Amino acid sequence: VGDASLERPASMVFHKHPVYSRVDKMARLLNGGLSFAGDIVPIGVKDTALLYEYWCFLKIVELLRERFDLEEQSVVKVNRFKTTVSLAKGQSAAMRFIHKPTGKNLYVAYNRLFDRLPTIAQKPDNVIQIASDERFYIFDAKYRIQFDKGYMAQYGGPGPTTDDINTMHRYRDAIALPHPMRPKEYLKGVVTGAAVLFPYPNETAYKDHKFYKSIAQVEIGGLPFLPNATALMREKLKAVLSEQLDNGALG
């Protein structure tokens, strides 16, 4: 955004005459373009952590479109002349992709609530679920990173917080789906893995981190994910999709 300053027109007619004044105001609004407080395209100011969650979701969608065709989405909605993005807290948004060679579907959901559980409802906050009808892989976007000396000595460098890693374990153990045929039974083990997405740019150094190696060992861990650090996430997505396609898990 370049530097700009509003200047009064030389003639006061533009201020005093009602028609000229209105035209002058409209011209200045149009010339101003997008504005954080203007009347043309109002832009809400978002929290940085929320913007990171949005970016993670949209970037994963972009990566998926390299191999899948987007068939249906409920994220961007157009209401007459108004376009809104429905990635809002307390709501869920979903996209359905199709793998044309096999005809199989893939679903990506945001902020889904699992409330049909025999114990306590689980709502993985800001979670992206790469799922079939009965299998999920959770990517939880967290805009925070731990780098105190004790942590780095134990785990091998900066990375996701231990609390977030413990949360990934809980999601995998706690989330279940009601059995489609037997009402009192639940399908267990539907979450095949869970990884924290966190803002860290050095992917090469992170390969030696304990929480990166743990993904290959137990499918729980963390992945750095930023606009200039997408290689590890791209690699993991490819592995998850290949496994689900090979096993026929996608719907």
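**Warm-up: the whole chain**

Work out what share of the 251 residues in the chain is buried. In this predicted model, buried residues come to 39% of the 251. For the fold itself, count eight helices and eleven strands. Then turn to the outside: the accessible surface is about 15,200 Å², and carbon and sulfur atoms hold 53% of that.

**Exercise 1: H209**

Find where H209 sits, decide whether H209 is buried or exposed, and list its polar contacts.

- Step one: place H209 in the loop between α6 (203–206) and α7 (210–218).
- Step two: check the accessibility. The cut-off for buried is under 20% relative accessible area, and H209 has 1%, so H209 counts as buried.
- Step three: look for polar partners. The side chain of H209 makes a polar contact with the side chain of Y151 at 3.4 Å. A polar atom of the H209 side chain also lies 3.0 Å from the backbone nitrogen of F211.
- Step four: skip neighbours within four places in sequence, and H209 is still in contact with Y151, Y155, G156, G157, P158 and G159.

**Exercise 2: helix α3**

Test whether the span of helix α3 (residues 48–64) agrees with its 17 residues.

- Step one: at 1.5 Å a residue, α3 should span 24 Å.
- Step two: compare with the end C-alpha atoms, which are 24 Å apart, so the two agree.
- Step three: pick out the buried residues of α3, among them L50, E53, F57, K59 and L64.

**Exercise 3: a surface patch**

Name the residues that form a nonpolar patch with V19. The partners are Y20 and V23, and together the three have about 280 Å² of accessible area. To locate the patch, note that V19 lies in helix α2 (residues 18–32).

Definitions and conventions: Residues are numbered from 1 along each chain as its sequence is written. This is a predicted model: local features need pLDDT of at least 70, side-chain atom pairs count only at pLDDT 80 or more; totals for chains, interfaces and linings use all residues. Side-chain values use heavy atoms; hydrogens and water are left out. Patches are made of residues with over 30% relative accessible area and no salt bridge: like charges are joined within 9 Å, nonpolar side chains (Val, Leu, Ile, Met, Phe, Trp, Tyr) within 5 Å. Accessible areas come from the Shrake-Rupley method with a 1.4 Å probe; for residues, only the protein chains shown count as cover. A salt bridge is a side-chain nitrogen of Lys or Arg within 4 Å of a carboxyl oxygen of Asp or Glu. Helices (H or I, at least four residues) and strands (E, at least two) are DSSP runs, numbered from the N terminus. Buried means under 20% relative accessible area, exposed over 50%, partly exposed in between (1.4 Å probe, protein chains only). A polar contact is a pair of N or O atoms within 3.5 Å; within protein, one must be able to donate a hydrogen and the other to accept it, and residues adjacent in sequence count only if both atoms are side-chain atoms. Contact means heavy atoms within 4.5 Å. The expected span of a helix is 1.5 Å times one less than its number of residues.
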